[in-house]
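This report looks at how strands are paired within and between chains, and at one chain-to-chain contact.

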Amino acid sequence: MGFRPLHDRVLVRRVEADTKTAGGIIIPDSAQEKPQEGEVVSAGSGLKSDDGKVTPLDVKKGDKILFGKWSGTEVKLNGEDLIIMKESDILGIVG
Amino acid sequence: MGFRPLHDRVLVRRVEADTKTAGGIIIPDSAQEKPQEGEVVSAGSGLKSDDGKVTPLDVKKGDKILFGKWSGTEVKLNGEDLIIMKESDILGIVG
Amino acid sequence: MGFRPLHDRVLVRRVEADTKTAGGIIIPDSAQEKPQEGEVVSAGSGLKSDDGKVTPLDVKKGDKILFGKWSGTEVKLNGEDLIIMKESDILGIVG
Amino acid sequence: MGFRPLHDRVLVRRVEADTKTAGGIIIPDSAQEKPQEGEVVSAGSGLKSDDGKVTPLDVKKGDKILFGKWSGTEVKLNGEDLIIMKESDILGIVG
Amino acid sequence: MGFRPLHDRVLVRRVEADTKTAGGIIIPDSAQEKPQEGEVVSAGSGLKSDDGKVTPLDVKKGDKILFGKWSGTEVKLNGEDLIIMKESDILGIVG
Amino acid sequence: MGFRPLHDRVLVRRVEADTKTAGGIIIPDSAQEKPQEGEVVSAGSGLKSDDGKVTPLDVKKGDKILFGKWSGTEVKLNGEDLIIMKESDILGIVG
Amino acid sequence: MGFRPLHDRVLVRRVEADTKTAGGIIIPDSAQEKPQEGEVVSAGSGLKSDDGKVTPLDVKKGDKILFGKWSGTEVKLNGEDLIIMKESDILGIVG
């Protein structure tokens, strides 16, 4: 069963902070909001302006990304914990 | 008797959280706002910009959707509990 | 004596919640803001953008509508209680 | 001596609520903000967009209007109490 | 020595409320924000949109204006108390 | 060593309030936010709109300006105290 | 391993305030938010408008910049402490 995020939303699988990631990202332990690493599972068709124009997203399935700790909405899909967030919540692409 | 949502509004039938859905979505039990599953009963003609341009919606009758728990306005129509929400409250399409 | 709502405003006659309406709408008794049923008495010429472009409204005289309980401003016109609201306060059209 | 309201502002003479108006409007006595009746004394040249485009107003001198109770700024001009408000504060035209 | 207001700003000389003005304006004594009368000393080149388009102002040197009591920033120029405000703070032109 | 302000930012050298300025500006002693006089040291390339269009600024190196007391960010450059502010924080040009 | 900031975001290496920088910037010790010096490690592809138009950034890899103390999100990449911020958080370019 699949899930297609709407518009500029992206479905993300979190890479847990307590496992050292392949990319070598280590989240510093401070009081600031800490970015987290994740992988894009599926991406929406694009940002939809008020005039109806659709702009494709800059992230695609498989991208390793950093995102803010409190971004998005958690959802369990096929028994797996995933996050639905907007592309604007993504800080950048690792790799 | 029918109901036609105006502009970018969508009429949604909630799929109750206490029944395991066909799509296999299980809502995690946490303090965050939890998405809920629903089915589109009818959709408005489209998002209307300030300039009067109408953009058709990306969801249609029959779509299985996820939406935020507190989205929309509850209404009873022909004895059935339904929700009227905006398309922007919809997180994505399941299936 | 008539009343012509300005721009995107609509003059609405409320259908009282304690009478079962022809459309069969029954408002659920909950703590949420409850939509109410009404009938459009007269509609403005259209939404006026900052650039002066006017877009005709999607509701017209005689439409049965649902609207939020706290929408609009109450006014007594020719001895009748009516409500002036914006088209964007209207949830959809019944019928 | 005259007064020319700037842009989308309108100079309005209030029709006192305690006199029954020619139009037959009676303001209901409730806790909500109550609309009041007035007459347009003079209107600005039009709404000016950020791009400098001017759109003529939809109200003109002599129009009988309804407006919200707390709209506009009171001013005494040639010994008469008047109100300067924006066209968007006007609910509609009576007559 | 001169002063050239930037963009849509206007330099205004206040006409004191305790002197009866030539225009006959008497400010009513109430709890609401009261408009005050002034004279335009110099006006900026125009409102500058985000796209860089400049729209000339509708007020010019010598115009008698009404403005809100708390509008603008006070400045002493060549020993005279003046106010720098935006054109949008001006209610209208007297005369 | 130089400093190039980005976009619509301007680098300003404050003219101290306790020295009577050449322009004769004397800041009144009141509770309101008081404008201060300064000189433009360097100006950015222009205001950048969301569409990427760049509009040159209306102030240039050497202009004597007035600005609000709390505008901008203080920085020490080559041992001199300067202020980085946006052009929109500038009230006007003296001279 | 690299990191590509998304849209108008920039990856910045902070130049510590306790080392006198090559540019000679000394941050004054006051209660205001103090700008800090940094170096651009990598820059996003550009600011993306709602209409999908991309405008290249004005900063590039290697630029020495000033930015507000509380700007951006801290991240550790390949063992190095870096900051991800938006171009609009950058005050200007030193050099």
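## Strand pairing across chains G and A

In this predicted model, strand E9 (residues 90-94) of chain A is joined to E1(G) by 3 bridges, the two strands running antiparallel. Within that pairing, A:Val94 has G:Phe3 as its bridge partner in E1(G).

## The interface of chain G and chain A

The contact draws on 21 residues from chain G and 25 residues from chain A, and the area buried between these chains is about 2000 Å², with carbon and sulfur atoms giving 56% of that area. The interface holds 2 salt bridges; one of them links A:Asp58 with G:Lys48, whose closest N and O atoms are 3.4 Å apart.

Between chain G and chain A, 10 residue pairs are in polar contact, counting pairs in which both residues have pLDDT 80 or more. On the side of chain G that touches chain A, strand E1 (3-5) and strand E7 (73-77) each supply at least two residues, and E7(G) gives the most, with 5 residues. By class, this side of chain G comprises 7 nonpolar, 7 polar and 7 charged residues.

## Pairing within chain A

Strand E2 (residues 9-14) of chain A runs antiparallel to strand E8 (residues 80-86) of chain A, with 4 bridges joining them, and A:Arg9 has A:Lys86 as its bridge partner in E8(A). E2(A) is also joined by 5 bridges to strand E3 (residues 35-43) of chain A, again antiparallel, where A:Arg14 is partnered by A:Gly38.

## A sheet formed by chains D and E

An open sheet of 7 strands, paired antiparallel, follows the order E1(D)-E9(E)-E6(E)-E3(E)-E2(E)-E8(E)-E7(E). Its edge strands are strand E1 (3-5) of chain D and strand E7 (73-77) of chain E, each pairing on one side only.

Note on methods. Residues are numbered from 1 along each chain as its sequence is written. Chains are lettered from A and ligands numbered from 1 in the order in which they are written. This is a predicted model: local features need pLDDT of at least 70, side-chain atom pairs count only at pLDDT 80 or more; totals for chains, interfaces and linings use all residues. Side-chain values use heavy atoms; hydrogens and water are left out. Two strands pair if DSSP finds at least two bridges between them. Contact means heavy atoms within 4.5 Å. Buried area is the accessible area (1.4 Å probe) that two parts lose on being put together, summed over both. A salt bridge is a side-chain nitrogen of Lys or Arg within 4 Å of a carboxyl oxygen of Asp or Glu. A polar contact is a pair of N or O atoms within 3.5 Å; within protein, one must be able to donate a hydrogen and the other to accept it, and residues adjacent in sequence count only if both atoms are side-chain atoms. Ala, Val, Leu, Ile, Met, Phe, Trp, Tyr, Cys and Pro count as nonpolar, Asp, Glu, Lys and Arg as charged, and the others, Gly among them, as polar.
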